[in-house]
Amino acid sequence: MERSGSEIEQKLRELGHGLPQPAAPLANYVPAVASGGLLFVSGQLPFGPDGKLSPTHVGKVGAGVTEAEAFRAAALSALNCLAQAKVFLGDLGRIRRCVRLSGFVNCAENFTALAGVMNGASDLIGGALGEAGPHARSAVGAAQLPLGACIEVEAIFEIAP
Amino acid sequence: MERSGSEIEQKLRELGHGLPQPAAPLANYVPAVASGGLLFVSGQLPFGPDGKLSPTHVGKVGAGVTEAEAFRAAALSALNCLAQAKVFLGDLGRIRRCVRLSGFVNCAENFTALAGVMNGASDLIGGALGEAGPHARSAVGAAQLPLGACIEVEAIFEIAP
Amino acid sequence: MERSGSEIEQKLRELGHGLPQPAAPLANYVPAVASGGLLFVSGQLPFGPDGKLSPTHVGKVGAGVTEAEAFRAAALSALNCLAQAKVFLGDLGRIRRCVRLSGFVNCAENFTALAGVMNGASDLIGGALGEAGPHARSAVGAAQLPLGACIEVEAIFEIAP
């Protein structure tokens with residue numbers, strides 16, 4: 001059973017998260033595009049509820065950023081995906097399911113625990129969306145990321161017409 | 001003409017491949033999700049028929065892992081994509097075509113023969129699916145991959161309803 | 001209002017770009033695949049109008065390749081996405097909108113201005129497609145790219161039936 005938008009936001013609050021105020025759209029690219037029943041959300045950095053990137057979430061995982069901090073950053077990136085979806089859809093209840101998350105981890109060259117980091121994003125989506133949460137996923141080590149963020153997560157959601 | 005599921009599996013056997021027993025689904029993410037006629041398969045590592053990652057497929061291509069071994073690993077990753085598709089679909093004959101493969105190669109910083117490595121995945125899919133095999137593709141060098149694997153391949157297939 | 005194919009090509013000429021002659025399809029993978037109203041274009045390197053990779057577009061951004069050159073290379077990669085779309089569609093006027101661009105930047109380990117580089121691709125698509133141009137986007141640092149190119153861009157377009 002899909003959750004309503006208010007149930008999803010209530011569940012997020014229970015998990016200790018409010019939806020951040022997401023970054024505004026720019027000229028030639030936008031935070032999200034819907035096509036054919038899918039919502040493609042741009043890669044999201046782990047901006048906090050204040051819209052800022054915490055210094056603890058800047059740098060390479062395994063060299064400066066700990067795995068535990070990167071897990072929390074992954075959750076924040078996923079939360080920003082939901083925040084962008086809400087701006088686009090108006091109501092998170094229009095999400096039928098999460099289809100795929102792609103996670104790019106800015107990591108030291110010998111850091112291989114990428115799946116554990118990405119669980120931060122998958123667990124957040126699972127906690128928020130319930131039965132509509134389980135998704136296909138990739139976790140990949142990046143050489144760098146915008147602003148030096150330790151993770152970037154992009155999402156595809158299936159949405160109601 | 002699309003091949004039936006048994007024809008695809010017969011073709012794989014002729015190419016020397018049995019379908020591996022793929023990793024079981026986890027709690028908050030899953031190996032594959034279908035939406036709107038597309039099957040999104042999670043990034044697959046080059047697990048062998050025994051479900052294990054060979055030590056020859058762990059490390060950076062161009063520094064420890066040879067290009068020839070990486071080519072074989074790419075084929076195994078693609079084979080795991082098919083194995084996950086079979087678990088999801090029940091019958092590989094429901095695949096109408098391979099739409100896209102994304103290949104991430106854990107590579108030394110000066111290793112540029114990424115297309116040659118990714119051909120291992122594209123050739124496997126082409127050999128298995130025949131006319132339904134040709135796909136869009138990207139090949140990208142990763143800074144690291146889960147478990148230190150030398151390659152990860154994710155797939156999108158078009159499927160029959 | 002969507003632009004016609006000739007309007008798009010006229011706009012590109014005004015911006016100083018002709019459509020390059022794109023690379024021919026290979027055996028087991030192809031430059032573009034359409035499925036369910038979406039056109040998936042393979043990752044494109046910044047080949048110039050002569051079909052060649054300029055030496056100024058080979059290497060790592062922030063170490064050998066300047067940010068300004070990488071911006072130009074991003075535009076060329078996006079232009080090659082359009083060129084592949086034209087070969088596939090026959091007429092760029094069949095593009096309803098750009099859905100997503102994924103940009104992989106071959107970068108030095110401390111180069112974080114990836115968004116600025118990717119603007120070269122987004123601006124080109126915006127300039128060419130007008131109202132149909134704004135897209136979801138990711139910008140990720142790669143450890144290497146095919147042929148040592150400084151950038152690779154893949155695209156998803158929504159197309160008319």
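**Figure 1. Best-connected members of the largest nonpolar core in the predicted model.** The largest nonpolar core holds 175 residues, and those that touch the most other members are A:Ala78, A:Val105, B:Ala78, B:Val105 and C:Ala78. In soluble globular proteins, nonpolar side chains tend to be buried together.

**Figure 2. Surroundings of A:Val105, one of the residues named for the core.** Neighbours within four places in sequence are left out of this view. Beyond them, A:Val105 is in contact with A:Val61, A:Ala70, A:Leu114, A:Val117 and A:Ala139. The other contacts of A:Val105 are A:Gly141, A:Ala142, A:Cys150 and A:Ile151.

**Figure 3. B:Val61 in strand 3 of chain B.** Strand 3 of chain B covers residues 60-61. B:Val61 has 27 C-beta neighbours inside 10 Å and therefore counts as buried, the cut-off being 20 or more. Residues up to four places away in sequence not counted, B:Val61 touches B:Glu67, B:Ala70, B:Val105, B:Asn106 and B:Cys107. B:Ala108, B:Phe111, B:Val117 and B:Cys150 are also touched by B:Val61. B:Val30 is 31 residues apart from B:Val61 along the chain, and the C-alpha atoms of the two are separated by 28 Å.

**Figure 4. Superposition of chains B and C on chain A.** Chain C is laid on chain A by a turn of 120° and a shift of 0.0 Å along the axis, with an RMSD of 0.0 Å. Chains C and A are thus related as by a three-fold rotation axis. The surfaces used by these two copies are different, since 11% of the contact residues of chain C recur in chain A. For chain B, a rotation of 120° with 0.0 Å of shift along its axis gives the superposition on chain A, at an RMSD of 0.0 Å. Only 14% of the interface residues of chain B are also interface residues in chain A, so chains A and B meet through different surfaces.

**Figure 5. The contact between chains C and A.** In this contact, 27 residues of chain C meet 22 residues of chain A. On the side of chain C that touches chain A, at least two residues each come from strand 5 (95-106), helix 3 (114-129) and strand 6 (136-142) of chain C. Strand 6 of chain C gives the largest share, seven residues. Sorted by class, this side of chain C has 13 nonpolar, nine polar and five charged residues.

**Figure 6. Packing of helix 1 of chain C with helix 3 of chain C.** Helix 1 of chain C spans residues 5-14, and its axis is 8 Å from that of helix 3 of chain C. The angle between the two is about 130°, and helices 1 and 3 of chain C are therefore oblique to each other. From helix 1 of chain C come C:Ile8, C:Lys11 and C:Leu12, which meet C:Gly127, C:Ala128 and C:Leu129 of helix 3 of chain C. Four residues of this contact are nonpolar, one is polar and one is charged.

**Figure 7. Positive phi at Leu147 in chains A and C.** A:Leu147 has a phi near 65°, a positive value in a residue other than glycine. The loop that holds A:Leu147 runs between strand 6 (136-142) and strand 7 (151-159) of chain A. A:Leu147 counts as partly exposed, because 15 C-beta neighbours lie inside 10 Å. In chain C, the phi of C:Leu147 is positive at about 65°, although this residue is not a glycine. C:Leu147 lies in the loop between strand 6 and strand 7 (151-159) of chain C. With 15 other C-beta atoms within 10 Å, C:Leu147 is partly exposed.

Technical notes: Residues numbered from 1 in each chain as written. Chains lettered and ligands numbered in written order. Predicted model: local features only at pLDDT ≥ 70, side-chain atom pairs only at ≥ 80, totals over all residues. Least-squares fit on C-alpha atoms with pLDDT ≥ 70 in both. Contact = placed C-beta atoms within 7 Å. Helix = DSSP H or I, 4+ residues; strand = E, 2+ residues; numbered from the N terminus. Nonpolar A, V, L, I, M, F, W, Y, C, P; charged D, E, K, R; others polar. Axes fitted to C-alpha atoms, helices over the stretch in contact; angles between N-to-C directions. Parallel < 35°, antiparallel > 145°, perpendicular 65-115°, else oblique. Core = buried A, V, L, I, M, F, W, Y, C linked by C-beta atoms within 7 Å. Buried ≥ 20, exposed ≤ 12 C-beta atoms within 10 Å, placed from the backbone.
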